[in-house]
Every structure is written in C-alpha cells, then in structure tokens.
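Trainee: I should like to understand how the descriptive terms applied to this structure are justified. May we take them one at a time?

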Amino acid sequence: MLFIEYEKLCDDPGLVWKALSSFASLPSELPTGFVIRKAPYHETDLMKFDDKTKDEAYGIHSELVSRSKDFLS
C-alpha cells in the first residue's frame, strides 16, 4: 500500500508527483492541467467531536503522515 500525504500533495504537488511517477514508471513531468486544491477546513468542524475521538483521529493522521514520508525519502 502506498501512502501519500494529502497536505503535502496540495502544498508541493511537483515533489509528490516526482516520487509517484518514479514509483509507477510514469513520466516525471506533472500532467497538463494537474491541479490539487485543499478542501476547506474550519476548526468548528471538529467541535462536534469529543476530545478522545479527536485525539484518536490525530494519532491515526500522524501515523499515516509518517508512513507517507517513507515514500518521499
């Protein structure tokens, strides 16, 4: 399974595409029209969850981000 950090893809699509294209034997140039935009995020979206659920979600997110960094290195 290949993990790609969504935030990194949005912030630096060229870097992520270069690693992905190398992994998948694709051309290293970004495809024409390749546009990634972050989904809007509002702190109030998290207010509906209790602290335990948020902590668990952040822990899972951190683990997945860590796994995705292995791919980019």
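Trainee: What makes D51 count as exposed?

Mentor: The model is a predicted one, and in it D51 has a relative accessibility of 54%. Exposed means over 50%, so D51 earns the term.

Trainee: How do you know that D51 and K54 meet in a salt bridge?

Mentor: Their side chains are 3.6 Å apart, N to O. The limit is within 4 Å, so the pair qualifies. Both residues lie in helix α3, three residues apart, about one turn of the helix.

Trainee: Which residue forms a salt bridge with K52, and what separates the two along the helix?

Mentor: The partner is E56, and the closest N and O atoms are 3.2 Å apart, against a limit of 4 Å. K52 and E56 are four residues apart in helix α3, which means about one helical turn between them. K52 is exposed at 59%, whereas E56, at 45%, is partly exposed.

Trainee: How many salt bridges does the structure hold?

Mentor: It holds four. One of them joins the side chains of K38 and D11, at 3.1 Å from N to O. K38 lies in the loop between α2 and α3 and D11 in helix α1, so this pair ties together parts that are 27 residues apart in sequence. D11 is exposed, with 54% relative accessibility, while K38 has 45% and is partly exposed.

Trainee: Why is E5 said to have no salt bridge?

Mentor: The nearest side chain of opposite charge is K69, 5.4 Å away. A salt bridge requires a distance within 4 Å, so E5 and K69 do not form one. E5 is nevertheless buried. This residue is placed in the segment before α1, and it touches V65 and S68, leaving out residues up to four places away in sequence.

Trainee: Why is S21 called buried?

Mentor: Its relative accessible area is 2%, and buried means under 20%, so the term applies. S21 lies in helix α2, whose buried residues also include V16, W17 and A19. The cover over these buried residues includes α1 and α3. Beyond four places in sequence, S21 touches L26, P27 and S28.

Trainee: How do you know that the length of helix α2 agrees with what is expected?

Mentor: At 1.5 Å a residue, its twelve residues should span 16 Å. The end C-alpha atoms are 16 Å apart, so the two values agree.

Trainee: What is noted about the phi of S25, just after α2?

Mentor: S25 has a positive phi of about 55° although it is not a glycine. The residue is found in the loop between α2 and α3 and is exposed, at 68% relative accessibility.

Trainee: Why is L72 called partly exposed?

Mentor: Its relative accessible area is 25%. Partly exposed runs between 20% and 50%, so L72 falls in that class. L72 lies in helix α3 and is in contact with K8, L15, V16 and A19, its neighbours within four places set aside. L72 and K18 are 54 residues apart in sequence and 9.0 Å apart in space, C-alpha to C-alpha.

Trainee: Which residues make the nonpolar surface patch, and what makes L2 eligible for it?

Mentor: L2, I4 and F23 make the patch, of about 270 Å². A patch residue must have over 30% relative accessible area; L2 has 32%, so it passes that cut-off.

Terms used. Residues are numbered from 1 along each chain as its sequence is written. This is a predicted model: local features need pLDDT of at least 70, side-chain atom pairs count only at pLDDT 80 or more; totals for chains, interfaces and linings use all residues. Side-chain values use heavy atoms; hydrogens and water are left out. Buried means under 20% relative accessible area, exposed over 50%, partly exposed in between (1.4 Å probe, protein chains only). Lys and Arg count as positive and Asp and Glu as negative; His and the chain ends are not counted. Contact means heavy atoms within 4.5 Å. Patches are made of residues with over 30% relative accessible area and no salt bridge: like charges are joined within 9 Å, nonpolar side chains (Val, Leu, Ile, Met, Phe, Trp, Tyr) within 5 Å. Accessible areas come from the Shrake-Rupley method with a 1.4 Å probe; for residues, only the protein chains shown count as cover. The expected span of a helix is 1.5 Å times one less than its number of residues.
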